[in-house]
Structures are given as structure tokens and as C-alpha cells.
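Dear colleague,

Please find below the structure that I am handing over to you. My notes on what was found in it follow directly after.

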Amino acid sequence: MSSLRRRLFLILMAATGLIWLCAVAWISFGSRNELEHVLDTRLQEAARMVHSLVMTGERLEGAEKPALAGTLPPLSGGYERQLSCQIWSFDGRLLARSSGAPDAALADESEGFSDREVGGDTWRVYTIVDPEKDVRVVVGDRIGLRDKLVRDLVAGLAAPALLAMPLLGLLIWWSLGRGLRPLNRAAEEIAAREGEDMRPVPPDGAPSEIQPLITALNGLFAKVEAARANERDVTAFAAHELRTPLAGLKTQAQVALAAGETQMRENALRQIIASVDRTSRLVRQLLALARLDAGTAGRGAEMELGALIRDIADTVPHPPGVVTVVDPDLAHSRRLIERDTLSLVLRNLQENAVQNMTDGMIHWRLEGADRLVIEDEGPGIPAEELSLVRQRFYRGRKAAGSGSGLGLAIAEAALARIGARLAMDNRTERSGLRAVVELGLDPK
Amino acid sequence: MRILLVEDDPVLADGLRAGLTLAGLTVDAVTSCADAQAALAGSRFDAVVLDLMLPDGLGLDVLAALRARQDATPVILLTALDETPDRIRGLDAGADDYLGKPFDLDELAARLRALVRRGSGRASPLLTHGGLALDPAMLSVTLDSSPVGVSRREFAVLSMLMERPGVIRSKGELEERLYGWQEEVESNTVEVYVHNLRAKLGREVIETVRGLGYRLRVPA
């Protein structure tokens, strides 16, 4: 599991480390430059001092060679005998040198600063050439010593920093824990919930960074809650739709038992049969809807639309005055589609059309390549109810009694699954309903 | 007792009309909120059997309108939604009783009898007057403890008179109780039933108040 805390910790530590490294590099580079400058100036000054002390080449001749040794006070901390001084005559004799200075010439004849390799050490030297006094004054120090100086300086700075690093790490780790506490609190609150609890997480108090997450979560909760409310509604309606015919059946059965007259008993029994037929259709439709909601789609097979519709038109019971016309074009239309689902939809549409008519014509035809149209000559649907008819259990106010209000809801759910869409409108040229099944879309 | 039945399911409505008629009730049936409102505004009923979900609205709206008119007619709700909150909502809206579908026809009839009895302030389920006892549940009449056979319509006339002994019931009131809207009212039938009842129970039981109607004779 990737921990946000660990991730932030590593990033912060790496960033801090990098900044420190940069600071160390900068300090060492800067102090080296400064040191070079200071030490070079010191070389120059020392050379001038020695030069001013020298009278002439002759007067120095034979003088005590370590005469200058005392001019340099001993330094502590390994930096003693930093400077070495040599005085040369123009003819190449070493007139004098400081103690610890090498015998070999520290510089050639050029004046000013130069770097030289003498006896395994690299020397930084400053030379004053004075033809008048017939001397060359050479003052130098070892580069190695300069490096050591810089190293010690940087080490002195870096040591406390290195010591502070674990302390800083600890502090960052603790601060991260504190900083991430609101996140943990939100997580704990959600984790502590019951499965049924779909209340929104209170966004107040949460830091702005996790607000989008909480908003998204609340949005999801709302969606789940809405889906469940819809499920509850459908269940409640289904219960109503089943319990009413059951109540009718029971009542009629009790009437049949109690009835003294044959006619009354026969009427009750006939009502029972009609009710059982209607209830079984309702149960079939509820099961169809449940299957569609569960979303188990089968494989499609090629079939002829015309034959399917003809088959449906022949099997759906209809009053003798209602004629179904299937356009011959449909006979040539073959499609790869899931037969059972399409058949369920088309049957619903045909039943719907038949239910609203006592006589007249139902016309099935193909419009363009993909639009299957059914038109009836019934009363149509009042404009204000058009948007409602596809809701589950919606029955029109003037609807004839036997519908369950499920047909169109089933049709719509089924069509979405096989990549089709249902559009309904009233016919404009005469009364009647026109339903269009648009095939060939992407299945859901 | 005359009952208004408000139920849109044709099979259930037909069964209830037949069944409640068998139980000695006179049933008028309507199938929508609008028809129910019209019926309640136009006639008096002893009780209303009201379905909650109707094609043009909720039965609770009909109930609310009824109670808003200060009409205390007992109402029993019939519904498939019989979770406790639904029951509470129905009773709080002014219903007197609540039956979840599917229900027992005899239970509905018994509850209706109980509602009407409670409405009239009687404690006993039996209607008694002198040596005459009338059992609405069994549709039976006894005179001095011996059973007397009466027809359904004769029973209805007698029970209406016995609900308020001494109070005059007009012929029109009795006819309204005897016949629902669907039935053709035959002339002189009330006289025929009263004649039959006098023959079975004794002449002095029912008194004719000339020009006004009939009443049960109160022993002096």
C-alpha cells in the first residue's frame, strides 16, 4: 500500500537533503574563493614585507640563513609553517630562506603569482623581482594546506547539519502525521459507517485538498441512494400491483363459496379466471424487467424482421376490427440481433397498440435503414403524459383497465441492452400513436 | 347499511360489491377520486371503503377533503402499502381503520359493521328492541329467542328502523338504503317489505306515521 505520509516524507527529505548539498557546495566554493583571495593577498603582503627588509644582494650575503624564520609566528591546528620564503640573487644563489622552506627554487624568474610543483607539493607562490637590489623575493604556501583549510571549514558547517538530519526527519514525520490527521479523520468516519448509511460526509472541517474527494464521495452516495430509492419504489409498486389482483382473487373466491345463486357463482369464477390471466401477464413482465435489470444479455442471431413481426401480430390477441399490416420491405430486412429481447419489445408495442383500439389499422414499416416504425389508429397519448408513459407502473388516466403500466418501461430497458432506442409521439396527420424503434446503436 | 366502495381494480371491485351485498350491505362502487368526491358530496353513506392508489390521485386526498368538510363518515382504507408508516399516515389522515391487501372479505364486512356500530354509539353488536334481536353479522332476526326468517331487503329495512327506535324513517331514506345507484327502485317495494315484516313479527312492531314514514313502536 502506498502511504501518502511515507511518500511526502521521502520527497521532503530528498528536497531538504538536496538543498543542504547545494548549500554545502556553495559555501565550500564561495569560501574557497574568498580564502584564495585572502591568502593570495597575504602572500603578496609577506613578499613585500620581506622585500622591504632586504637591503641589497651583497649585504645579505653570508647572513644567517634562518634569519627570517622568526618572522612567522607558529600557528596551531596543523596550519604552522604555512608560508615559506626564499630570497634569490639574480645570478641564481639562494641568499636566504625561511625555516621549513625547500631548498629548491619555488619560482622561476617571472614576477607575480604562479603555481609550481616542488618536491611533490603544489605551491602557490608570489615573486617580487627587484633588479636594483639584485634580489628575487619568493613567498609561497602549499595548495594542500589551503584545501585542508576549506575542508575543515566545510566539515565544521556540515557536521551539525548531518547531526540535525535525523532530528529534522523525525520532526517532518511527526508534522506530516499531524498535517494528515483531517484525512485520517475523514477516512475513519467513512470506515466506521454501516453499509446502509448513505448520509453525506460533512464537508466542513475537511481541508480544501480533500474537499473534491469528499464531494465526489457524497455524489456517489447520492447516486447509490437514488438507485436504492428507485428500487424501493419499484418494489412497493410491484407489491401493490400484485396484491391488488390477489385481493381480487381472494374476494371473488370467497364470493363464489358464499354465493347461493348459480349465476353469481359463475360470474365470480369467470372473474377469477380473468384475474389469473392478468396476474400471470404481470408476473411475466415483472420477471422480464428483473432479468433486464440484472443485465444478462444473450448472443444475437441473424433473423428476418418481417417474419418476427408477423408472428407477433398473429399471436397477440386483438379485437376482430383491428388489422395489422406489415410492410413488405420488412420481409427483406435481415438483422443480427438478440431475438428474444427484440421480440419482447415488439410484442409490448403491438399489445400497447391493440389495447387502445377497437378497430382500425396497425402499420409496421421500415423508415430508412434502421428505423422500425409502428403506427396505430387509437386515441394516442395526451401530450402531457407522453413523458410519463415510460415510467414503471405508469398508467394513463384514461387507459383501459388491463395494462400493468410496465410494458413501455420494459421495452425501453430491453432496447438499451440490444443497442436500440424507443421514441414515441402522437401522429400528426390523424389520431393515433407512432412509436419508432431506432436500431443499430451501441448496446449499453 | 349503505357503503361507498372506491376501488379501481375491476375484479376486486366486482368481488367486493358481490361479497358485501351477500353480507347484507348495500354497495355503491366508483373507480376514481373524482367520482368518489362527487358521490360523497351527493349522498350519505354509513361507511366508505377507500383504495389508496387510484388512477387520478391518492385515496388520502379524498379522505382529507371529506374530513375538511367535517364529515365524520367512517372510512376504512384498503391498500397494498401496509407497512407501519403507511398505516400511521392513513390513520392520522382521518381514516378509522386500515386493511392491507389481500384481505379477508368476512373481516372487511365485520370491520365495517364495527365501524358503523361505533359511529352510532352502541356497545352491543346486536340490535335489540323489546323481544326483538337483530344480528347484523349473521343477518338473523330472533323474536323472543326464536328465529324468524327474513329476506336481505326485509332485514335492511328492519335494521334501519332498529338503529334509532322511535325515530321516523321516510320512504325515501329507506329506499336509498335498500338500493344502490345501479339498481332500479321499484315502486311500493318498501310497503311490501314492511307488510312482510309485520306478518312475521306482529302488526304492532312497525308503526306507520301517515305522510312521513315508518318507525319502530316504542313500548309505552
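In which loop of chain A does Asp329(A) lie? In this predicted model, Asp329(A) is found in the loop that runs between strand E7 (321-326) and strand E8 (334-337) of chain A. Its relative accessibility is 45%, so Asp329(A) counts as partly exposed. Asp329(A) and Arg365(A) are separated by 36 residues in sequence, while their C-alpha atoms are 7.2 Å apart in space.

Two further aspartates may be set beside this residue. Asp311(A) belongs to helix H7 (residues 305-315) of chain A. With a relative accessibility of 39%, Asp311(A) is likewise classed as partly exposed. From Asp311(A) to Ser343(A) the C-alpha to C-alpha distance is 9.5 Å, across 32 residues of sequence. In chain B, Asp86(B) is part of helix H4 (residues 84-92). Asp86(B) counts as buried because its relative accessibility is 14%, which falls under the 20% cut-off. Once neighbours within four places in sequence are left aside, the residues in contact with Asp86(B) are Leu81(B) and Tyr98(B).

I turn next to the nonpolar cores. The largest of them comprises 40 residues. Leu342(A), Leu346(A), Leu349(A), Trp364(A), Leu422(A) and Val437(A) have the most contacts inside this core. Helix H8 (residues 339-355) of chain A is the element that gives the most to this core, contributing six residues. A second core, separate from the largest one, has 29 residues, among them Ala29(B), Val49(B), Phe103(B) and Val116(B).

Trp364(A) deserves a separate entry. Residues up to four places away in sequence not being counted, Trp364(A) touches Leu346(A), Leu349(A) and Gln350(A), and also Ile309(A), Thr324(A), Val325(A), Val326(A), Asp327(A) and Leu330(A). The remaining residues touched by Trp364(A) are Leu372(A), Val373(A) and Ile374(A).

The interface between the chains is as follows. On the side of chain B, 23 residues are in contact with 23 residues of chain A. The two chains bury about 2000 Å² between them, and carbon and sulfur atoms give 63% of that area. One salt bridge is found across the interface of chain B and chain A. Asp9(B) and Arg278(A) form a salt bridge, with their closest N and O atoms 3.0 Å apart. Between chain B and chain A, eight residue pairs are in polar contact, counting pairs with both residues at pLDDT 80 or more. Helix H1 (10-22) and helix H5 (105-120) of chain B are the elements that give two or more residues to the side of chain B touching chain A. The largest share of that side comes from H1(B), with nine residues.

As to chain B as a whole, its secondary structure consists of eight helices and 13 strands. Of its 220 residues, 51% are buried. Among the contacts in chain B that join residues at least 6 apart in sequence, 59% are between residues at least 24 apart.

Finally, a word on confidence in chain A. The average pLDDT of chain A is 79, and 85% of its residues score at least 70. Over residues 62-76 of chain A, pLDDT stays under 50. For this stretch the model has eleven contacts beyond four places in sequence.

With kind regards

Note on methods: Residues numbered from 1 in each chain as written. Chains lettered and ligands numbered in written order. Predicted model: local features only at pLDDT ≥ 70, side-chain atom pairs only at ≥ 80, totals over all residues. Heavy atoms only, no water. Core = buried A, V, L, I, M, F, W, Y, C linked by side-chain atoms within 4.5 Å. Buried < 20%, exposed > 50% of the residue type's maximum accessible area, 1.4 Å probe, protein only. Helix = DSSP H or I, 4+ residues; strand = E, 2+ residues; numbered from the N terminus. Contact = heavy atoms within 4.5 Å. pLDDT = per-residue confidence, 0-100. Buried area = accessible area lost by both parts, 1.4 Å probe. Salt bridge = Lys/Arg side-chain N within 4 Å of Asp/Glu carboxyl O. Polar contact = N/O pair within 3.5 Å; in protein donor to acceptor, adjacent residues only side chain to side chain.
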